[in-house]
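User: I am new to this structure and would like to understand the terms used for it. Could you take me through them with care?

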Amino acid sequence: MTTAQLLGQDPGWLIAVKALMVFIICVLATLMAVWTERRVLAKMQLRTGPNRVGPAGLLQSLSDGVKLALKEDIIPAAADKVVFIIAPIIATSMCFMAFAVIPMTGVVNIFGRQTALQLTDLPVGVLYILAVTSIGVYGVVLAGWSSGSTYPLLGGLRSSAQVISYEVAMGLSLVAVFIYAGSMSTSDIVSSQHQHIWNAVVLFPSFVIYVISMVGETNRAPFDLAEAEGELVGGFHTEYSSLKFALFFLAEYVNIIAVSALATTLFLGGYHALPGLGFTEQWVGGWFTLVWFFAKVNIFFFIFMWLRGSLPRLRYDQFMKFGWKVLIPVSLIWILIVASLRVLQQEGAPRSAILAFAAGVVIIVMAMSSLVERNKEKVRSADLPEGEAPNFPVPSLPNVQSINVSGGK
Amino acid sequence: MTDFIEKKNSGQADINSVPFTEVEQPGPATLAQQAKGFWVTFSTMFKKNQTVQYPDVKAPTAPRFHGRHQLNRHPDGLEKCIGCELCAWACPADAILVEGGNNTPGNQLSPGERHGAVYQINYLRCIFCGLCVEACPTRALTMTNEYELADDKREKLIFEKDDLLAPLRQGMLAPPHPMYPGMTDTNYYNGDVKEAHPSQGEK
């Protein structure tokens, strides 16, 4: 029985219970995520992090949430009031909706009924997630626009440009997964990985592109241009306070958990155990798969924190250049290769033909990369045009490595 | 010390005559070099962290830390402050207010003729530079290592003379009382007075 059939038998009350469970899991995961992030980042900076509220500071994010809720809720006079209020609601609710199609456990027993901890199983589940997270961007854009202030507007615009750009790369990286699994349903992709091997191994370039673009998608460091503290105050949420700000905060973290959960589902075998530890999936009546699922989600979450602790923020043009000129072309070429290999396999081409194709691809890629390198060297060593040497100090140009200006004595 | 800044007419200043040194712009770092940064943050997680659990653990300050001020006393209990206002004049933040007063036979607070009648330091303004301490001619004003000076009212952060005066130690008598018999203010400054004389305490 497939997961879709299994979930189709759920009565209404069970769906409501599961919806509540998904919501609670998301909120609890956010509280834990904030605490974990602060502690891990602190460790990376030789600090301790929050350790005073509750055991080891575990309740810190809860008390911060209460503090936020009790703060004064300001709506600026210049704000478009209705949109200003709707924006954080859109941003938050869309993040939660993305979780509906994430399979978090295998078959488990909830109040005497056999089901899986997954709200619904759409045949186009992954597309649904992409669609819903894109709508979440409206929250950010509208927040920036409706605040009636400059910095939020800039932050909102940056954020929309950023998310749209990186969504292209993200969508393209997922195409290879669809081709390989032959389905867009999350549960089918999980089970196909269970039968073969994790997509992170066979589709490694897709995996890398996805991980990079998911950081861009969630507006996180080093791609946190939308809320660059040094440049835009708080970015799109500068004018927000109290619970509305808390909603954006929640949305950011639920979004991180959602993209991490999607990465787990699509590339790391979902809720299934590591190869060789399959027996653990039966523990606690199948609920132990939830532990595996969140263990894998935490790997991605750790990557988020690690990036934040290690890298400075990118400049806007560098960031866009990277998305459009590197990630998207590489994705396209990779899809071409995967699709060709897939067709060769399905058409029953001999193994030698497939190997020859792969070898040819490798040779072409190496030749191209060496050409690119040589071209780079040329550009770098190009001298300034004659007669245009500036007699005043200027920053180095992209085509020149450095300029020696020494006039006077 | 000589002054190295040459005098120049404003017309002579020319951006082209300023010598510049060539700055080498390193190209993009290799992948291995960039990965090094990740190793730094990762390995740091397993190092001992440097946080001091402040309200629970109070680490001692440096011995000469600039903390709250203190108005010192002579060994017999008389105040060292003579109300000269040099500290107030030295203060770059205008945080100190001093008003001097005359010592009378019935109200002798410090050796000599004058004492500080009003002495206030405003810790909302003080920048803890220590220039007041350098300015003090009688070493009346010094700084302690006390740094917990936060409070919830502005008024509480204006410290009066009572808040700043050093406590009475062994052998000191609370002023006002007469000077040590046979000693002048110069003897006081030279440190000839070692403790209070029994006659000083008589009313």
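Analyst: Exposed means a relative accessible area over 50%, buried means under 20%, and partly exposed is what falls in between. The model is a predicted one, and Trp89(B), which sits in helix α2 (residues 86-90) of chain B, can serve as a starting case.

User: Why is Trp89(B) called exposed?

Analyst: Trp89(B) has a relative accessible area of 71%, and the term applies to values over 50%, so Trp89(B) counts as exposed. As for its place in chain B, the C-alpha atom of Trp89(B) is separated by 44 Å from that of Asn49(B), which is 40 residues away along the chain.

User: What makes Val66(A) partly exposed?

Analyst: The relative accessible area of Val66(A) is 46%, and because partly exposed covers values between 20% and 50%, Val66(A) takes that name. Val66(A) belongs to helix α3 (residues 60-69) of chain A, and together with Met32(A), Leu58(A), Leu59(A), Leu62(A) and Leu70(A) it makes a nonpolar surface patch of about 550 Å².

User: How do you know that α2(A) and α3(A) are roughly perpendicular to each other?

Analyst: Helix α2 (residues 12-44) of chain A packs against α3(A) at an angle of about 115°, and the two axes are 8 Å apart. Angles of 65 to 115 degrees count as roughly perpendicular, and the pair of helices is therefore described in that way. The crossing in which α2(A) passes α3(A) is right-handed.

User: What makes the contact of Arg52(A) and Asp56(B) a salt bridge?

Analyst: The N to O distance between the side chains of Arg52(A) and Asp56(B) is 3.1 Å, and a salt bridge needs a side-chain nitrogen of Lys or Arg within 4 Å of a carboxyl oxygen of Asp or Glu, so the pair qualifies. This pair crosses between chains, running from the loop between α2 and α3 of chain A, where Arg52(A) lies, to the loop between α1 (31-44) and β1 (69-71) of chain B, where Asp56(B) lies. Asp56(B) has a relative accessibility of 56% and counts as exposed. In general, side chains of opposite charge can pair when their charged atoms come close.

User: Why is the pair of Asp73(A) and Lys244(A) said to tie together parts that are apart in sequence?

Analyst: The side chains of Asp73(A) and Lys244(A) meet in a salt bridge at 3.0 Å, N to O. Asp73(A) is in the loop between α3 and α4 (81-98) of chain A, while Lys244(A) is in helix α11 (residues 242-267) of chain A, so the pair ties together parts that are 171 residues apart in sequence. With a relative accessible area of 40%, Asp73(A) is partly exposed, whereas Lys244(A), at 9% relative accessibility, counts as buried.

User: What makes Glu79(B) and Lys161(B) a link between distant parts of the chain?

Analyst: The closest N and O atoms of Glu79(B) and Lys161(B) are 2.9 Å apart, and the two form a salt bridge. Glu79(B) lies in the loop between β1 and α2 of chain B and Lys161(B) in helix α4 (residues 161-164) of chain B, with their positions 82 residues apart. Both Glu79(B) and Lys161(B) are buried.

User: How many salt bridges are there over all chains?

Analyst: The count over all chains comes to 13 salt bridges. In chain A, Glu37(A), Arg220(A), Glu252(A) and Arg308(A) are joined into one network by salt bridges that share partners.

Technical notes
Residues are numbered from 1 along each chain as its sequence is written. Chains are lettered from A and ligands numbered from 1 in the order in which they are written. This is a predicted model: local features need pLDDT of at least 70, side-chain atom pairs count only at pLDDT 80 or more; totals for chains, interfaces and linings use all residues. Side-chain values use heavy atoms; hydrogens and water are left out. Patches are made of residues with over 30% relative accessible area and no salt bridge: like charges are joined within 9 Å, nonpolar side chains (Val, Leu, Ile, Met, Phe, Trp, Tyr) within 5 Å. Accessible areas come from the Shrake-Rupley method with a 1.4 Å probe; for residues, only the protein chains shown count as cover. Helices (H or I, at least four residues) and strands (E, at least two) are DSSP runs, numbered from the N terminus. Buried means under 20% relative accessible area, exposed over 50%, partly exposed in between (1.4 Å probe, protein chains only). Axes are lines fitted to C-alpha atoms, for helices over the stretch in contact, and angles run from 0 to 180 degrees between N-to-C directions. Angles under 35 degrees count as roughly parallel, over 145 as roughly antiparallel, 65 to 115 as roughly perpendicular and the rest as oblique. A crossing is left-handed if the near helix is turned anticlockwise from the far one by less than a right angle, and right-handed if clockwise.
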